[in-house]
Amino acid sequence: MKSYSRQDDMSNVKSLYDEMKVMRNQLLNRIELLEDEVEYLTQENMYYSKQLYQLESDIDSLLA
């Protein structure tokens, strides 16, 4: 039978806390990457929306 001491409990808590800090940092880094991707895709969408609008305008002008 294994006995547990307060030291073991504190060690486990510290280890868990350290693991949670690492996970938190990884999640924050991933969130930053996702935010960058969203910004890039938003800019790309605006560019293609402008291109599509211009194309529609040109087609309307040709048909008029």
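**Charges, rings and patches along helix H1**

Glu32, Glu35, Asp36 and Glu39 come together as a negative patch on the surface. For patches, residues need over 30% relative accessible area and no salt bridge, with like charges joined within 9 Å and nonpolar side chains (Val, Leu, Ile, Met, Phe, Trp, Tyr) within 5 Å. Asp and Glu count as negative and Lys and Arg as positive, leaving out His and the chain ends; a charge is placed at NZ of Lys, CZ of Arg, CG of Asp or CD of Glu. The model is a predicted one, so local features need pLDDT of at least 70 and side-chain atom pairs pLDDT 80 or more, while totals for chains, interfaces and linings use all residues. Numbering starts from 1 along each chain as its sequence is written, and side-chain values use heavy atoms, with hydrogens and water left out.

Glutamate 35, from the negative patch, sits in helix H1, which covers residues 6-63; helices (H or I, at least four residues) are DSSP runs numbered from the N terminus.

Turning to charge pairs, the whole structure holds three salt bridges, each being a side-chain nitrogen of Lys or Arg within 4 Å of a carboxyl oxygen of Asp or Glu. Aspartate 18 pairs with lysine 14, with 3.9 Å between the closest N and O atoms, and also with lysine 21, at 4.0 Å from N to O. Lysine 14 and aspartate 18 are about one helical turn apart because four residues separate them in helix H1. Lysine 14 is exposed at 53% relative accessible area, whereas aspartate 18 is partly exposed at 30%; exposed means over 50%, buried under 20%, and partly exposed in between (1.4 Å probe, protein chains only). Arginine 30 and glutamate 37 make a salt bridge too, at 3.9 Å from N to O. Through shared partners, Lys14, Asp18 and Lys21 end up in one salt-bridge network.

As for rings, there is one aromatic pair. Tyrosine 47 and tyrosine 48 meet edge-to-face, with centres 5.1 Å apart and planes at 75°; rings of Phe, Tyr and Trp (its six-membered ring) pair if their centres lie within 6.5 Å, and planes under 30 degrees apart are stacked, over 60 edge-to-face and the rest tilted.

Further along, Leu52, Leu55, Ile59 and Leu63 form a nonpolar surface patch with about 410 Å² of accessible area together, areas coming from the Shrake-Rupley method with a 1.4 Å probe and, for residues, only the protein chains shown as cover. Leucine 63 belongs to helix H1 and is exposed, at 71% relative accessible area.

Key:
Helix = DSSP H or I, 4+ residues; strand = E, 2+ residues; numbered from the N terminus.
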